[in-house]
Every structure is written in C-alpha cells, then in structure tokens.
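The following report describes a protein model for readers at the bench. Please consult the sequence and structure shown here while reading.

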Amino acid sequence: MQQANRIADIYRPVEERVKDNNEVERKLTSIEIIGQAERCHTCGIPFCHGAGCPLGNLVPEFNAAVAVGNAERAYDIISKTAFFPEFTGRVCPALCESACTGNVHNDPVMVRQIEKFIVETAFEEGRVVLPTAEPNGKSAAVIGSGPSGLFAAEALRRKGYAVTVFEKHAKAGGLLRYGIPNWKLDKSIIDRRIALLEAAGIKFVYNTEISKDIAAEYIHKNFDEVFLAIGTPNARDLKIPGREAEGIFLALDFLHGAEMPGETNPEKFSAKGHKVLVIGGGDTGNDCVGKAIREGCESVLQVEFMPKPPEERSPSTPWPDWPYMLRTSYAQHEGGERRWNVSSKQFIVKDGRVAGVEAVRVEWEMSPQGRPLKPAEVPNSTEVIGTDLVVLAMGFTGVPAEGIVNDLGLQLTPRTAIIPDPARHIYAVGDCANGASLVVRAMADAKVKVAALK
C-alpha cells in the first residue's frame, strides 16, 4: 500500500538518545522504506538527480527498485554514481529532496533514508565489493582522507592507478571522523569502508603531514598524479577582546579535540556542569549543542548573527532551489535555547577564564524577496550573556598559504582556495579547491576531476 505521507518520526526517543553516543536516527523498517519509495512515481520530469544531486544519482530508478522489493538492483544502480552512500545517507542535507517534485503540492520523498537502507542492506547481504581494474602502470598520491580524498582515491583505483593516501591524523575520514559526531555518523561505518578500500589495494599512510613529515616535492616527484584534498583547515575565529581566555574553543576542537594528536586531557573539552554558549547557527553549531547536552551541561544557548529565517520557503529560493527557510535539527529537539540577531563584542574574563560575552542586538535590512542584506546594531541593546564555556562554530575561511601549498609552488584564489597546476599533474579537490561546502559536493568535485584524467 502506498505510503500517504512523509514519515516525520525518524529519530530515537530524546530521553534515550541523549544518554549515549549512538546514532540519533532510528532504523526504519523495510515496510516504511518501501512505502516511501512508492511515493516516487508521480512526477513527469525528475529534478532530484539533475538540479538536486551533485553526484547525479539516479534517484527515480533506485526508488523504483526499492518499491518492488529489489534491494539488489537498487544497490547496483546507486553504486554506479555514488561510492559511499552510507556516508551521504547519514549526513547529506539531501539536496535531492529539496528538488523533489513532491515539494510542489506535498512533501518530498525520503531519498536520504532510502539511500541508507539500500547500502546497509547490501552490506548485510555481503554484496558490497569494490570493482577491480587492471593496473595502468601509474601511481597517484592523495593528500587527505576526507570525503573528497576518499572519493578521489577510489575513483583513481578504478582507473587502474596505484593509490597512496596520506593522512596527518591517526585514522582516515577527515571531517567525516573529526568534524561529525558519532551520533550522526558512527565511526565504525568509516572503518568498514576504509577496510574495503585497503582490500582493493589502496594504501593509507597515517600520522604523516606533508611538508612537515615528508617533503611536498618528494611526493610530487615520486607520484604521477597528486591530488590535494586537505579541506579548509582555517576555522573562522572571533578575534574580539578577551579571546585569549580559557574556556573558548573552536568547534572542531570542542567536538573532537581530545582525539587530536597532542591532546591528553578529555575533560578539557567536556561541557559537563558548564553554562555553554555556542556562537554559530549551522550544522556544526547544532552538533556542539548536542555534545553539550550529552555531556551534562548546566545550560546551552546557541546564538546566530544572522536573522531568523522564515518558517516557510523564502520567495528568493523558489523550487527546485535549496530553500532558504528555518530548520530545526535533532539537537534543538533535545534542549537548549536558540537566538538570532546577536553580535558578540567582547568576552568577559574572570580569573583567566571566560565568564560571559558582551553582545548587542542587530537588525537586518531585507531584500524584497526576504533575504538579509545589511545589519545595523540596535542602540542601547547591550547585554552580557553569562557563560563559562564558549564554542565558536562560524565556519571555515580557507587554506593557509604556507606548508604544502607554498612548497609545491601553488597559488591561492582571493578566497584562499588552491589553484591547481594540471601542467605539473597537481590537482585540488573538494573544499580546498572550492571553499567550505557539503560532503556530497566535495565528493562530486573529486568525481569530475578524476574522470577528466586521460
């Protein structure tokens, strides 16, 4: 029987999930998934895989296979375009769903959950095997093992290259491991995929930072192709008075700092018993709220400089564009408070530790379509927000010019993204080439650039 509506209840109970680090989404039943896939047969022109999915996934085709109970065919279809559906099926914001024609009169098909079901069923049935390729006699180095690096590595291996991935941390995954918490992407899922890549002949070298542990020029001279997949490591900081105080962390340090090299004090990054202030309203900020709640914070407040988005899709982003509208994540359902139009002016410091943030309220000039244009501080709106642990979750600003970029003689764009040098067989993929973006876009960029190799 056709599923009448999109399923709203996709999470485990709040009172259960905040007590552990397991994935927050519940496992949907095969009947629920089939019911959702059956909803995918009402549009004439599917925008989901063109205007929607950067990878070009054949969404209607694999949905049709799932709808008739043929999970094996569904996996064969999705694996032609997507190498890691177990990642995007968990962390992608589902651009395909925003482009689904179901948005016109109803709710979109739950493509992300269907994708996750397809790949997990394939793993359970032992059908996930990487394609092999005859060696082409060439080698490739991939610097970085985040989403774009892993995708580039598999794409190169499928073209017959001998591939070596260099990773500065102790484990592979990049932001998949060190930027996304376990309750959204269990790290055993990453380990499972890395084992498959290794079985396919891809070599991983860990705890190795190019230009620090191995000369960049050595890599360039000893590999036929070099792909830089180093992300955008420069986090946007908030350099206001008092920034040097203890208790102020960048988001990724707060999320995974105790797992980084050189860190031996997990309690340093714990929110237990603290009044937490998260500055930044994006997905990473939401994850920081989730971490604070799970660790037993006294309270958590998330503030955003931008105005509150509209409850419904803004006219400035008509379908099938990604809609500008208010989104509430799993973390907001778990607790805490959220505020918009807040500009932080200085940190209040007491005995060397942050004790508050002096902030003012801002108002935004809006475009006729309802998009924010220009902020202005509201007179006499100064307040002090009490806090003893601040997390800065304001995104990333690009790639540093020093290190591997300088050592390889590469240049950066004005927005600090790497300019590749194809004449010397040096390429850049993902965020380091295009600026901070989504996991699926990083993968798609690697897909296109490896495919272009002769």
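## Report on the predicted model

Pro-320 has its place in the loop between strand E8 (299-303) and helix H16 (330-334); helices (H or I, at least four residues) and strands (E, at least two) are DSSP runs, numbered from the N terminus. The model is predicted, so that local features need pLDDT of at least 70 and side-chain atom pairs count only at pLDDT 80 or more, while totals for chains, interfaces and linings use all residues. Residues are numbered from 1 along each chain as its sequence is written, and side-chain values use heavy atoms, with hydrogens and water left out.

The peptide bond that leads from Trp-319 to Pro-320 is cis, with omega near 10 degrees. Both residues are in contact (heavy atoms within 4.5 Å) with Ala-99. When neighbours within four places in sequence are left aside, the contacts of Ala-99 also include Phe-47, Cys-48, Ala-51 and Gly-52. Ala-99 itself lies in the loop between helix H7 (95-98) and helix H8 (102-105). Ala-99 and Pro-318 are 219 residues apart in sequence, and their C-alpha atoms are 9.9 Å apart in space.

Burial is judged by relative accessible area: buried means under 20%, exposed over 50%, and partly exposed in between (1.4 Å probe, protein chains only). Four loop residues are set out below.

| Residue | Loop | Relative accessible area | Class |
|---|---|---|---|
| Ala-99 | H7 to H8 | 0% | buried |
| Ser-211 | E3 to H13 | 26% | partly exposed |
| Gly-281 | E7 to H15 | 34% | partly exposed |
| Asn-380 | E12 to E13 | 83% | exposed |

Backbone angles add to this picture. Most residues other than glycine have a negative phi, and most peptide bonds are trans. Ser-211, although not a glycine, has a positive phi of about 85 degrees. Asn-380 is likewise not a glycine, and its phi is positive at about 60 degrees. Gly-160, which follows helix H10, has a positive phi near 100 degrees.

Helix H10 (residues 147-158) has 12 residues, which at 1.5 Å a residue should span 16 Å; its end C-alpha atoms are 17 Å apart, in agreement. The expected span is 1.5 Å times one less than the number of residues. Of the 12 residues in H10, 11 are buried. Among them are Phe-151, Glu-154 and Arg-157.

The C-alpha atom of Phe-151 is separated by 29 Å from that of Gly-281, which is 130 residues away along the chain. Apart from neighbours within four places in sequence, Gly-281 is in contact with Asn-286, Gln-302, Val-303 and Glu-304.

The protein as a whole contains 19 helices and 18 strands. Its radius of gyration, taken over C-alpha atoms, is 23 Å, which agrees with the value near 22 Å for a compact globule of 454 residues. That rule is 2.2 Å times the number of residues to the power 0.38. The C-alpha trace spans about 70 × 60 × 45 Å along its principal axes. Of the 454 residues, 52% count as buried. Among contacts with a separation of 6 or more, 68% join residues 24 or more positions apart. The accessible surface comes to about 20,800 Å² (Shrake-Rupley method, 1.4 Å probe), and carbon and sulfur atoms supply 52% of this surface.
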